Amino acid sequence: MRRRDVLAGLGSLAVLGGGAAVAFDAVGQSQGDIEPVDVETLDAPGSDAGTATVPERGRVTFVELFATWCTVCQSMMPRVAEVHDAVGDEVQFLSVTNEPLGNTVTREDVVEWWADHGGEWTVAADTNLELTQRLDASGVPYAVVFDEDNHIVWQHRGRTTTETLETKIREQL
Amino acid sequence: MTEKPQPNRRTVLRATGATVLGTALAGCTDVLGSGDEDDDDVVLDPPKNYERRTDLDLPYPTYGEQVPSVSVPAPLHDQVMDTTEFVGDRHTMLTFIYTSCTTVCPGLTNALRHVQADSISEEYAEEMAFMPTTFDPEYDTADVLRSYGEDMGVDFTAGNWYFLRPENPEDAHEIVTDTFGVAFEQGDSSDDMGDGNGSSGGMDDMDHARHFTHLSLILLVNEDGFVERAYNGQPPSPDTAIEDARTLVERW
């Protein structure tokens, strides 16, 4: 069992105590830099099929992990879209599903969900859960902001506001 | 922790407090070398905070303990199943949910669903069974459970997923709380400061207002009926749940 379970609060405090000025909104998350991960990008509105390396060095990165079953993710889409409109040109900006694809939910299902909910930026799939694992993301939606040096500067699990997202990204620009 | 249901966050904080006490009393004990007899019944290594947790009087079955046996209807399979149904046959993952929950429960169901998908793609589906139990039988009828499962991406054709549904709220309390130590209480949605919504105060966007505060628990139970992992608090991330299930299957 990982520290997030019972030691979550303590763990975060200990890390904060000894580390840089990093703000955490939730508990039990990874800290610092992560090795960039290749995720599969999908052919969808605002998105081309291919590969994206996340986070992108030399650029601020915003990632939101989501899943098509997640009603909170669904309700976040208009807010993420607003944030994309505001800062999407200035940062690496993408949403990544970490649900198992190919069996009950297909890539086509994700693309359809994406179109239905107004997605108009890069959408990708964390098919081998590598990004999820490196972020230690215990749930969705899960938003992360990286600075230009791939350092995690903010992360948040669950619902949040447009203002918060935009502010956290702009602080890095 | 047993006296009354607690919201998840509070439960975690309480447990954290207790952990501090436990650490102070027990110091840094070497549990791996303690020769605990429970170790023979399980194949996964003790959870990282096991030595601290042993000092807690946890209400639910945990690492090395036997899974409780109780009969619960499986309405999508027209039969009554025992929570030990698969002992001697398969490893089992159990959790306790209500379908109109949009906070922590989808994460619980999702963790099982991720392991189910992995069990299918990695060909150990026949070594696993998944038994999520609703504690809201009034709302969660067979049809609701089926549709919820479909929405969550559950593969019903794999033949290893069984939604369990106590017949009424009284049975739900007896099965879920009294037998498994998973306290729940129907309450006002303003209490909902738990997992998923963060501190933004956002209410669920569901069209039917049902809300329970409940202990969040997933049990990974081995084929002999012993708990290999009891995930409490936030659901395990999908990769953790999968890694633990794979390790169990590989070492068995």
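The legends below describe close-up views of a predicted model.

**View 1. A salt bridge joins B:Glu122 and B:Arg246.**
The closest approach between the two side chains, N to O, is 4.0 Å. The pair links distant parts of chain B, with the two positions 124 residues apart in sequence numbering. B:Glu122 lies in the loop between helix H3 (105-121) and strand E4 (128-134), while B:Arg246 belongs to helix H6 (residues 238-251). B:Glu122 is partly exposed because its relative accessibility is 45%. B:Arg246 also counts as partly exposed, with a relative accessible area of 31%.

**View 2. B:Arg210 and B:Glu138 form a salt bridge between two loops of chain B.**
The closest N and O atoms of the pair are 3.8 Å apart. B:Arg210 sits in the loop between strand E5 (184-186) and strand E6 (212-214), and B:Glu138 in the loop between E4 and helix H4 (142-151). The two residues are 72 residues apart, and the pair links distant parts of the chain. B:Arg210 has a relative accessible area of 18% and is therefore buried, the cut-off being under 20%. B:Glu138 is exposed, at 56%.

**View 3. A salt bridge within helix H4 of chain B pairs B:Arg146 with B:Asp143.**
The closest N and O atoms are 3.1 Å apart. The residues stand three positions apart in the helix, so about one helical turn separates them. B:Arg146 is partly exposed, with a relative accessibility of 35%. B:Asp143 is exposed, with a relative accessibility of 54%. Side chains of opposite charge can pair when their charged atoms come close.

**View 4. Three residues of chain A are linked in a network of salt bridges.**
The members of the network are A:Glu90, A:Glu166 and A:Arg170. Over all chains of the model, the count of salt bridges comes to twelve.

**View 5. Strand E7 (residues 217-221) of chain B is largely enclosed by the rest of the structure.**
The strand is described this way because five of its five residues are buried. In a regular strand the side chains alternate between the two faces of the sheet. Both faces of E7(B) are covered. B:Leu217, B:Leu219 and B:Val221 are buried on one side, and B:Ile218 and B:Leu220 are buried on the other.

**View 6. E7(B) pairs with strand E3 and with strand E8 of chain B.**
Strand E3 (residues 91-97) and E7(B) run in the antiparallel sense and share four bridges. Within this pairing, B:Leu94 has B:Leu219 of E7(B) as its bridge partner. E7(B) also pairs with strand E8 (residues 227-232), again in the antiparallel sense, over five bridges. There the bridge partner of B:Leu219 is B:Ala230 of E8(B). E7(B) and E8(B) form a hairpin with five residues between the strands. B:Gly225 in the turn has a positive phi of about 90°.

**View 7. B:Glu185 lies in strand E5 of chain B.**
With a relative accessibility of 42%, B:Glu185 counts as partly exposed. The C-alpha atoms of B:Glu185 and B:Ser119 are 33 Å apart in space. In sequence, B:Glu185 and B:Ser119 are 66 residues apart.

Methods. Residues numbered from 1 in each chain as written. Chains lettered and ligands numbered in written order. Predicted model: local features only at pLDDT ≥ 70, side-chain atom pairs only at ≥ 80, totals over all residues. Heavy atoms only, no water. Buried < 20%, exposed > 50% of the residue type's maximum accessible area, 1.4 Å probe, protein only. Pairing = 2+ DSSP bridges.
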